[in-house]
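Hi,

Here is the structure I promised to pass on. Have a look at it first, and my notes follow underneath.

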Amino acid sequence: MRFLRNIFAIMLAVEAIAMSTQADTASALHVVYAKARIVEAVDSDSDGLADASEAAIGSDPAVSDTDGDGLSDGDEEILLNTSAVRADWDGDGFGDGLEVAAGSDPLATNSFPVTVSGTVVSGTPLVGKVFAILSASNAFDFISGNAATSRVCRAFAAAGCPAAFTFTNAVASGAAFRIDAWADVNANGAREDWEPAGSYVSDGASAPVLADVEICLESDESADMDGNGLADAWEWQYFGKLGNSAADDQDNDGLDNAGESQWGTDPFEDDTDHDGMIDGDEVMVGFNPAVNDKLPVLGLQHTPNGMYRIEWDTRYYQGYMPQFTDRLAPPAWSNLVPHTMYEYNSYPYGTMSVIDVNTNRPMRFYRIKLVK
């Protein structure tokens, strides 16, 4: 060790006398008393380095961090083998304190801190702030000598996604790291099991991605903390709170909250997928109320009298308008019939058809427009 924190002066006085044994008159030495006095070296700035030692290396005995790199003079000179008067020992452009915080080696030019950045995305709108936490496995607590985890937490002020994150000089080059992100939809600052969450893991060795890292948030659709039969994530998304009644039907679409939660539909919108059929009716006839899952398949037949029959499959309660055009550039569609045709007879599926009596056109295109 190049320098000592304390200089000890020990004064020991020992008085020995001869003692006689019982029969053989053998003598022995006996310590009568011992005195010790410890003299501590002066350390004016309490940085662990004595003033005399600081004077010898040129550091300031009145300042605990002479070079201003975030490390005390004593830690640099005694524990890290860096310099108390040189902020960047290896000259790689990163200060010693920054390297120690990131887990890189302040004595090696090929080990340096790096920045990790990217975005958090979600397939559905989110309520509340988005949090991201970075954990690096190679950070080292040089004071205690124990492996440590570097955790940097950031809250994104804007609700929803995508949200950008940047961890500046957060990990060492080639380090293994992990980023966990979640949406704090109940705004309590804690991560709940049911809240949308995601993660990104890099082993550091196989070409780690440091920029444009993308984390996709997904939620546990089955979590029900209050036991009311409604998914917590669904409740927070549409109500902003838990504890809602499973039997309520706010939009009067025939689908109560329990059903809306099961299908993931909007309890305040009677036609969540905007396909012309209300949510309750879709569930009743076997459709998915959150997805427009039945589009018409168009068929064209040439009739014996030279006309054309346009036929398509239908779904109950859906309206259809057959249209035509004689040219596709630019598209100018016209209605083939004067009024929208609604399927009220066949349940849940059926077919409809119309005949185009105009047979004088050399070319004609048809389509079916869905009408609510």
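Let me start with a question: is S46 buried or exposed? Keep in mind that this is a predicted model. S46 is exposed, because its relative accessible area is 62% and anything over 50% goes in that class. You'll find S46 in the loop that runs between β2 (27–31) and α1 (51–57). Its backbone caught my eye too: phi of S46 is near 55°, a positive value in a residue other than glycine.

N81 makes a nice companion to look at. N81 is not a glycine either, yet it has a positive phi of about 65°. This one sits in the loop between α2 (73–80) and α3 (96–102). With 46% relative accessibility, N81 counts as partly exposed, because that class covers whatever falls between 20% and 50%.

Now for the chain as a whole. It has six helices and 18 strands. Of its 372 residues, 38% count as buried. The chain exposes about 20,400 Å², and carbon and sulfur atoms supply 53% of that area. As for contacts, if you take those with a separation of 6 or more, 50% of them are between residues 24 or more positions apart.

One sheet is worth pulling up in your viewer. It is an open sheet of three strands in the order β12-β13-β17, and the pairing is antiparallel. β12 (298–302) and β17 (349–356) are the edge strands, each pairing on one side only. From one strand to the next, the twist averages 25°. In general, strands of a sheet pair through backbone hydrogen bonds, either parallel or antiparallel. Here, β13 (residues 308–315) and β17 run antiparallel and are joined by eight bridges. If you want a spot to orient yourself, Y308 stands opposite D356 in β17.

Last one: which residue has its C-alpha atom 5.9 Å from that of A205? That's G174, and the two are 31 residues apart along the chain. A205 belongs to the loop between β10 (197–202) and β11 (213–217). Its relative accessibility is 69%, so A205 counts as exposed, like S46 at 62%.

That's everything I have for now. Shout if you'd like to go through any of it together.

Cheers

Terms used. Residues numbered from 1 in each chain as written. Predicted model: local features only at pLDDT ≥ 70, side-chain atom pairs only at ≥ 80, totals over all residues. Heavy atoms only, no water. Helix = DSSP H or I, 4+ residues; strand = E, 2+ residues; numbered from the N terminus. Buried < 20%, exposed > 50% of the residue type's maximum accessible area, 1.4 Å probe, protein only. Contact = heavy atoms within 4.5 Å. Areas by Shrake-Rupley, 256 points an atom, 1.4 Å probe, with all protein chains shown as cover. Pairing = 2+ DSSP bridges. Axes fitted to C-alpha atoms, helices over the stretch in contact; angles between N-to-C directions.
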